[in-house]
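Trainee: I should like to learn how to read the features of a structure such as the one we are about to view. May we begin with the terms and then take the features in turn?

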There are 2 protein chains.
Amino acid sequence: MEDQKQKLELVKKPTVNDIARVAGVSLATVDRVLNRRPGVRAVTVQKVQKAIDELGYVRDTAAANLARNRVYNFLFVLPDTDNEFVEAINSQIAEQSRDQFIERTRIAIKKVAPFEPQDIVNILDAVVSLDVDGVAVFGPETPSVRDAVKRLRDKGVPVVALVSDLPSSERDHFVGIDNVSAGRTAAQLMGRFVHRDGKVLVLTGSRLARDHLERRQGFDLVVAEEFPHLEVVASVEGRDDPDLIYKMMPEIFETYPDLVGIYSSAAGNAGLIQFLSENKLSKDLVIIAHELTPLSREALTLGTFDALISQDTGHIVRSAVRLLRATSDKVPFNKAQERIRIDIYLKENLPP
Amino acid sequence: MEDQKQKLELVKKPTVNDIARVAGVSLATVDRVLNRRPGVRAVTVQKVQKAIDELGYVRDTAAANLARNRVYNFLFVLPDTDNEFVEAINSQIAEQSRDQFIERTRIAIKKVAPFEPQDIVNILDAVVSLDVDGVAVFGPETPSVRDAVKRLRDKGVPVVALVSDLPSSERDHFVGIDNVSAGRTAAQLMGRFVHRDGKVLVLTGSRLARDHLERRQGFDLVVAEEFPHLEVVASVEGRDDPDLIYKMMPEIFETYPDLVGIYSSAAGNAGLIQFLSENKLSKDLVIIAHELTPLSREALTLGTFDALISQDTGHIVRSAVRLLRATSDKVPFNKAQERIRIDIYLKENLPP
DNA sequence: ATACTTTTGAGGTTCGTACCTCAAATTGCC
DNA sequence: GGCAATTTGAGGTACGAACCTCAAAAGTAT
């Protein structure tokens, strides 16, 4: 009944030649329309456009990139800290550079002094003279950075914001988690994990960092709404500095002897971990921290930390690259694939 | 000092021509070696191989696929149920088919009667006569299925196991979560969320499904190790059937009046949800279920469920396709990217 | 050394697209 | 209607690799 050697589907994609045939024009004209080259009358453009729509033509990017010998040059602008999370992003970029290389994309990294908006601005302004097809920025949302991003985009360079959003600028995309939700998630876990009445401390990084503020905000909301047995005390700014955090802890425990939980919403966990283990405090306290790193992973495994809220740095980097490429090619992308999840890690679901 | 129009990097990939030049042979010979065509002396093969290694040549798959006009034909074998999770995978495949189409890959779906290994075997054996470049199987691990997978692989067809592993067969990859860890994760959440002493029920699907067994196993281990205040009672088999589950619930609550939690480790949540809301039981019970679906999402939002353990169906499908392609091309893949995470969802970190 | 076999090289075509040139056709304008 | 400007077509080359053919070169056997 059936063919003996059957194909599952034999449909094939329309090509530029099909468009030319259907539109009743020459290949050269189709090419002019597709690549927005001048010298085509509006009527003709419409004829071609109609044929494209009818056929459902989609440009074969692989062939196109081959033909034009295209190479995507992307630049990642990262804060120059020894922060474990930034380091993870850094090494993800390095790692994935190899794979990206064979896919015609080259990635460069520029480190800028943290909390130095002017440094970022200078780099962004220098980009146009370089041969850069897209920029990913991990930096603070200051007016000057915002304007620099705008300037870049006005010159046609795609820009994505990494980890910390720059909503007021006109960045093409944001690659990272919703930090209010992250804070809410931390609060829900805290509320559920803590069985006693008491105070909860939020250890934050900087009042200037948008992501830290948002986490705190989300955390407070949920504790207030759902967990009356907890009281969130004023944030402590650790400036992402392990030493500073370590030094601040004794005073905090003097001030709040009835502390039942700590939400470490920023970096610098090393100081916290050191203090807790030296004072054997982890058993009595619920600690929820951010970002899965070698250090936090160990703390979770040993029971020093009770849960981690995290975002997958590998995913972030891949997503940023895909989005820059799609934006550069003016091509749609898969929204669900680019959504960065708010990961919750317990010691039981750590990746191997 | 510097060029005024500088490129960030100017390195370019070696091509087949570079190999020919370095090896001191002709392009035709390089081609013969690369594509394992006969008629090349061993010495010459080695010369070419040496040049390839020296240059770090990597085949440009895009160009190669273009030249040979390659199309990947993949087949997904799924159980034919109205189960929400399988439905989600199904629609992910359909959705992504569009994107995959433009990337030269065609995906077909075959539904097989659930719990009918023979049906799967028949399909797998029929595959060889079709023009199929890879198969993804979501099915039970029975000896006959295992052998059929082996047969397929012996004929050079890549096979990946989906969601439920077929470790004893020689599937090329497993795309899914570690279900023992998933069970452990559920237990940890249960132990932390339940503050009273009492019994915990595990609602499972079938004793035959490997994934369900593993979840139960992981769950029991962690409860036993860490949460002496809880007692896990004998599993109840819901056969993924909402109606059956709904009907069984009253008897369960009679038998265990001191139930404090339910771990719904399989499908059929609709029956559980209906029973719980009709009897307003959700407040007193901690419910942890599996898989983020419209139904479970709503239950989580309303507070009927307290947490979900999930795996991203979109990721699973994309990963399966990437792995089939990589296996088919005998090309390496990014292990970290293909790892399916054990997602934990609270109502706070649900995707929008 | 001759005949024969195996290996190698040179060259071409194809895939789908980009981009270029030059000539021919069409259009607009006075 | 005539002229210039604009638009269109025809054709070629290139990208990197696959695959094909045919002839030349090298190796092997007698």
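Mentor: One definition comes beforehand: helices are DSSP runs of H or I with at least four residues, strands are E runs of at least two, and both are numbered from the N terminus. Please also bear in mind that this is a predicted model.

Trainee: With those terms in hand, where is B:Arg239 placed?

Mentor: B:Arg239 lies in the loop that joins strand 8 (236-237) to helix 10 (242-255) of chain B. Its phi is positive, about 50 degrees, although the residue is not a glycine. Because its relative accessible area is 48%, B:Arg239 is classed as partly exposed.

Trainee: Which other residue, not a glycine, has a positive phi?

Mentor: B:Arg104 has one, with phi near 60 degrees. This residue sits in the loop between helix 5 and strand 2 (105-112) of chain B. Its relative accessible area is 14%, and therefore B:Arg104 counts as buried. B:Arg104 also belongs to a network of salt bridges with A:Lys13 and A:Asp60.

Trainee: That network involves both chains. How is the size of an interface expressed in general?

Mentor: It is often given as the accessible area that is lost when the parts come together. Here the area buried between chain A and chain B is about 4,900 Å², with carbon and sulfur atoms giving 54% of it. In terms of residues, 57 of chain A are in contact with 57 of chain B.

Trainee: How many salt bridges are there between chain A and chain B?

Mentor: The general idea is that side chains of opposite charge can pair when their charged atoms come close. Between chain A and chain B the count is ten salt bridges. One example is the pair A:Arg341 and B:Asp312, whose side chains meet at 3.1 Å, N to O. There are also 16 residue pairs in polar contact between the two chains, both residues being at pLDDT 80 or more.

Trainee: Which element of chain A gives the most to the side that touches chain B?

Mentor: Several elements of chain A each supply at least two residues to that side, among them helix 4 (61-67), helix 5 (84-102), helix 13 (313-329) and strand 12 (343-345). Helix 8 of chain A gives the most, with seven residues. By class, the side of chain A that touches chain B has 24 nonpolar, eleven polar and 22 charged residues.

Trainee: How should I read salt bridges that lie within one chain?

Mentor: Consider both the distance and the surroundings of each partner. Over all chains, the count comes to 50 salt bridges. In chain A, the closest N and O atoms of A:Asp165 and A:Arg171 are 2.8 Å apart. A:Asp165 counts as buried because its relative accessibility is 15%.

In chain B, B:Glu225 and B:Arg184 form a salt bridge at 3.6 Å between the closest N and O atoms. This pair links distant parts of the chain, 41 residues apart: B:Glu225 is in helix 9 (residues 210-226) and B:Arg184 is in helix 8 (residues 179-193). At 22% relative accessibility, B:Arg184 counts as partly exposed.

Trainee: Is B:Glu348 buried or exposed?

Mentor: B:Glu348 is buried, with a relative accessible area of 5%. Its salt-bridge partner B:Lys347, at 3.3 Å between the closest N and O atoms, is partly exposed at 32%.

Trainee: Which residues have the most contacts inside the largest nonpolar core?

Mentor: In soluble globular proteins, nonpolar side chains tend to be buried together. The largest nonpolar core here has 92 residues, and A:Leu162 and B:Leu162 have the most contacts inside it. Beyond residues up to four places away in sequence, B:Leu162 touches others including B:Phe76, B:Phe138, B:Phe174 and B:Ile316.

Trainee: Which residues of helix 1 of chain B are buried?

Mentor: An α-helix has 3.6 residues a turn, so residues three or four places apart point the same way. In helix 1 (residues 16-23) of chain B, the buried residues are B:Asp18, B:Ile19, B:Ala20 and B:Ala23. They pack against helix 2 (27-34) and helix 3 (42-55) of chain B. Just after helix 1, B:Gly24 takes a positive phi of about 70 degrees.

Definitions and conventions. Residues are numbered from 1 along each chain as its sequence is written. Chains are lettered from A and ligands numbered from 1 in the order in which they are written. Side-chain values use heavy atoms; hydrogens and water are left out. Contact means heavy atoms within 4.5 Å. Buried area is the accessible area (1.4 Å probe) that two parts lose on being put together, summed over both. A salt bridge is a side-chain nitrogen of Lys or Arg within 4 Å of a carboxyl oxygen of Asp or Glu. A polar contact is a pair of N or O atoms within 3.5 Å; within protein, one must be able to donate a hydrogen and the other to accept it, and residues adjacent in sequence count only if both atoms are side-chain atoms. Ala, Val, Leu, Ile, Met, Phe, Trp, Tyr, Cys and Pro count as nonpolar, Asp, Glu, Lys and Arg as charged, and the others, Gly among them, as polar. A nonpolar core is a set of buried Ala, Val, Leu, Ile, Met, Phe, Trp, Tyr and Cys residues joined through side-chain atoms within 4.5 Å. Buried means under 20% relative accessible area, exposed over 50%, partly exposed in between (1.4 Å probe, protein chains only).
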